[in-house]
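Me: Got a model I'd like to go through with you. Can you take some quick questions?

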Amino acid sequence: MPTATETIKDLALHEYKYGFVTDIESDVAPKGLNEDIIRFISAKKNEPEFLLEWRLKSFRHWLTMVEPTWPHVKYPSIDYQDIIYYSAPKAKSGKPKSLDEVDPELLATYEKLGIPLREREMLAGVAVDAVFDSVSVATTFKKKLSELGIIFCSFSEAVEHHPDLVRKYLGSVVPYTDNFFAALNSAVFSDGSFVYVPKGVRCPMELSTYFRINAANTGQFERTLIVADDDAYVSYLEGCTAPMRDENQLHAAVVELIAHDHAQIKYSTVQNWYPGDKEGKGGIYNFVTKRGKCLGVNSKISWTQVETGSAITWKYPSCILLGDNSVGEFYSVAMTNHYQQADTGTKMMHVGKNTKSTIVSKGISAGRSNNTYRGLVKIGKAAENARNYTQCDSMLIGEKCGAHTFPYIDVKNNTAQIEHEASTSKIGEDQIFYCRQRGISTEDAVSMIVNGFCKEVFRELPMEFAVEAQKLLGISLEGSVG
Amino acid sequence: MLEIRNLHVNVDGKEILRGIDLTIRAGETHAIMGPNGSGKSTLAQVLAGHEAYEITEGVILYEGQNLAELEPEERACAGMFLAFQYPVEIPGVSNTYFLKTALNAIRKARGEEPLDAVDFLALVKEKMKLVHLDEKLLHRPVNEGFSGGEKKRNEIFHMAVLDPKLAILDETDSGLDVDALRIVAEGVNALRDETRAVMVITHYQRLLNYLVPDFVHILAKGRIVKSGGRELALEVEENGYVGLEEPTEVLQPVGY
């Protein structure tokens, strides 16, 4: 894992490349959104003509759309003209100078997660002076990948070096017409990740944004595109288990995955953005469109997510099962506390023959939070022998929270087999007392019970993520009982 | 080890214990007997620190400490164990994982290093034999799907692993057949030595055939109405609790 210094180094190089350092003033677009702003963003990033056109088309379409109101969440209306859509990485002067200036609660969380001091500084956005290592982990890592022909870079770099791949796949899973936030993202996306795994290559390590150049500043409109060619395999880890210091309230990301014949993509997320304070003030609105397309026969896409952060989470990582015998999976833990709201789930669109999907969703609500599972299983006319298994469990902690389930099933082929199981449980005071009598503190007891509840999902996470995810749930639940 | 003085306890504003005096010294086993509703289980819950039970008067000293000042988990870490009358199910949490978490919490409080997986497993294997616990129950979620007898045996298994100084058994014998009763009693007997104490709460005398107490106390309507030796339990078996409802013959509690 690279240290903060390496990330800073990468950041510094990136700045240099685009000349940000020389003229900081002009690297912030004025507030608001119009075609000029989009042209400005595109020009700043030296984008090819096709991309600018695509952004403009997205923007024009976005203007015709209205913000969705169907999610089971409440928030004050967003003024889209009051947002800065482009800004270069922040100058050091705007950041806290040392950890002493950072919110002590944030620091306490880092402490509990056991994050090394250097990384804490990076996460908290401290302006660390870059001290260069001669050989960084990131560099060695990139070398190994490129030997295998794997492309793993920032979206901007992909646009510059692999424009044909970007052109071929961008918007092929989530078209800019898809929904309000996807259209907005398509118009103004700042940066993100790009992965291409060539035919027959099995990516030998988990790809993590940790290792990607410029990971620290992808901005609020992130765009990720992952392509696994025939017989390829890749496991991608998104995000970071530590809470990120972030001033942006609206995050509207788009993630597209494409799996060709016999290819497999495993995408894991641990999302722990700022959830707002105990009274429900502040926090990130996380409005994300994530979708994978199983394009080829026998292809497989698995989504695993652990969502504990953000004031509002609105996301439905989905699979379009186009190729015959393709497989889609969705494993989710969504935890809300205090005044957090989550409306999350998945869509499994069965198009090809013998397609299979599995949905395991665990929702945990504490405090005054609201937690909604929303899922669609759609079996198309041609999807002979499609199968779906859905398990959807909710756990309530306390009396003032809510859990809701909206499963939609749409079957157009009568050879389909669909199973749906759902349960709701509560952590009882008798359970807590029993644990305490055996010497286990209330907080440890709650975290143990919740972790037990989420076991089936944690099993799907890569090892290092699973361990941190467990700790994270414990921390997110603090103060929810007693 | 345990000293209860003039203990009054309310539940939902209703007085359940009305002045209990009881002293238990290391090495002793005390049986608390009494009819239904006499306050036996209330006494157990108060000792364990259940929040629903409010001490309105009196004091409980455990090794010289005022028990009211300790949280339930602090009491556990200080060596108190309650075998529940109705052991609680915890879905999704395996019995071994639960027990390891508990044991290491207690060890931590004692300033000891946590037990690693290998040593823990060795300890578990040894203690399992004590109560003839089926190995499959180790890996199942705590008490979930256990039969009544298995739950009670599991409580004694937990006790054996956690190695308490003061063990309180709340109607551990209820719902057990004779064989299981003997196994549970043997498990408790194995723990008995001059440094520990046991409080057995029971409605019936039959457990005391295997787990022979040093002292027997009869609880009725929130008070100890009679105290004596082993023979008192046999007397109850013969005559029931008739005539023991009112404190006719209050003996000086043991230890005074």
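Me: How much area does chain A expose, and what share do carbon and sulfur atoms supply?
Reply: About 19,600 Å² is exposed by chain A. Carbon and sulfur atoms supply 52% of that. Areas are Shrake-Rupley values with a 1.4 Å probe, and for residues only the protein chains shown count as cover. This is a predicted model, where local features need pLDDT of at least 70, side-chain atom pairs count only at pLDDT 80 or more, and totals for chains, interfaces and linings use all residues. Residues are numbered from 1 along each chain as its sequence is written, chains are lettered from A and ligands numbered from 1 in the order in which they are written, and side-chain values use heavy atoms, with hydrogens and water left out.

Me: What share of chain A is buried?
Reply: 59% of its 482 residues. Buried means under 20% relative accessible area (1.4 Å probe, protein chains only).

Me: Switching to chain B. At what angle do H3 and H4 pack?
Reply: About 110°, with the axes 11 Å apart. Axes are lines fitted to C-alpha atoms over the stretch in contact, and angles run from 0 to 180 degrees between N-to-C directions. H3(B) and H4(B) are therefore roughly perpendicular (65 to 115 degrees).

Me: Which residues of H3(B) make the contact?
Reply: Thr96(B), Leu99(B), Lys100(B) and Leu103(B). They meet Ala117(B), Phe120(B) and Leu123(B) of H4(B). Contact means heavy atoms within 4.5 Å.

Me: And H7(B), which residues are buried there?
Reply: Among them are Ala180(B), Leu181(B), Ile183(B) and Val184(B). Their cover includes H4, H6 and H8 of chain B. Helices here are DSSP runs (H or I, at least four residues), numbered from the N terminus.

How values were computed:
Buried < 20%, exposed > 50% of the residue type's maximum accessible area, 1.4 Å probe, protein only. Helix = DSSP H or I, 4+ residues; strand = E, 2+ residues; numbered from the N terminus. Parallel < 35°, antiparallel > 145°, perpendicular 65-115°, else oblique.
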